[in-house]
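Got the viewer open? Let's take a walk through this predicted model, one selection at a time.

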Amino acid sequence: MDMKLELVPVPVADVDRARDFYAQKIGFNLDHDVQTSDTMRVVQLTPPGSACSIVIGTGLGPISEMTPGSVKGLHLVVKDIRETHALLTGRGVEVTDVIEYPGGIKFAYFNDPDGNMWALQEIPPGR
């Protein structure tokens, strides 16, 4: 039996601001931005190279009841964390310094405008 995680809700206060942050500053692909009714809007964005997307929006039932900024620790696994760090900081994203752990695993962190926290992770080949 296959189970594929393909969509993660990320609660935000301002859908337009979050959409622009993820698409323009982080570089996610804007897959959908659909206003299905006066009260429902679905915005789906996918990190480059990922099979899993995020969804933000309004009128999404329990998803819309989540507290903006409450998601912590979503991981974006990257090939070269220093290159990604430089790209994001060059786009105006505040990213922590790169932290290297034993075994060569590296992390850096950033927040979206609502305080949802993301981790950049580099795992050395063969780990």
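Start by selecting β4 (53-58), β5, α2 and β8: each of them supplies at least two residues to the lining of the largest pocket. That pocket has a volume of about 480 Å³. To put yourself at its centre, pick Phe28, Pro47, Pro48, Leu76 and Val77, which are the closest to that point among the 26 lining residues. Now try colouring the lining by class: you'll get 16 nonpolar residues, six polar ones and four charged ones.

Next, show the sheet. It's an open one with four strands, in the order β5-β8-β7-β6, and the pairing is mixed. The edges are β5 (72-77) and β6 (99-100), each with a pairing partner on one side only. While you're here, bring up helix α2 (residues 81-90), which packs on the sheet and touches β6, β7 and β8. Look along the helix and then along β8: their directions make an angle of about 140 degrees.

Zoom in on β8, residues 117-122, and follow its pairing with β7, residues 106-111. The two run antiparallel and are joined by six bridges. Two cross-strand pairs are handy landmarks: Tyr109 sits opposite Ala119 of β8, and Phe110 faces Trp118 of β8. Trace the chain from β7 to β8 and you go round a hairpin with five residues between the strands. Stop at Gly115 in that turn, where phi is positive, about 100 degrees.

Now turn to the pairing of β8 with β5. Here the sense is parallel, and there are five bridges. Find Val77 and you'll see Gln121 of β8 standing opposite; Val77 is also one of the residues closest to the pocket centre.

How many of the six residues of β8 are buried? Switch on a surface and check: five are, so the strand is largely enclosed by the rest of the structure.

Last stop: select Gln121, which lies in strand β8. Is Gln121 buried or exposed? Its relative accessibility is 13%, and because the cut-off for buried is under 20%, Gln121 counts as buried. To see what surrounds Gln121, leave out residues up to four places away in sequence and show its contacts: His75, Leu76, Val77, Val78, Ile81, Ile105, Lys106 and Phe107. Two of those names, Leu76 and Val77, should look familiar from the pocket centre where you began.

How values were computed. Residues are numbered from 1 along each chain as its sequence is written. This is a predicted model: local features need pLDDT of at least 70, side-chain atom pairs count only at pLDDT 80 or more; totals for chains, interfaces and linings use all residues. Side-chain values use heavy atoms; hydrogens and water are left out. Two strands pair if DSSP finds at least two bridges between them. Contact means heavy atoms within 4.5 Å. Axes are lines fitted to C-alpha atoms, for helices over the stretch in contact, and angles run from 0 to 180 degrees between N-to-C directions. Buried means under 20% relative accessible area, exposed over 50%, partly exposed in between (1.4 Å probe, protein chains only). On a 1 Å grid over the protein atoms alone, a cavity is a set of points where a 1.4 Å probe fits but cannot get out, and a pocket is an open set with protein on both sides within 12 Å along at least five of seven lines; lining residues have an atom within 4 Å of a point. Grid points are joined across faces, edges and corners, and a volume is the space filled by probe spheres set on the points. Ala, Val, Leu, Ile, Met, Phe, Trp, Tyr, Cys and Pro count as nonpolar, Asp, Glu, Lys and Arg as charged, and the others, Gly among them, as polar.
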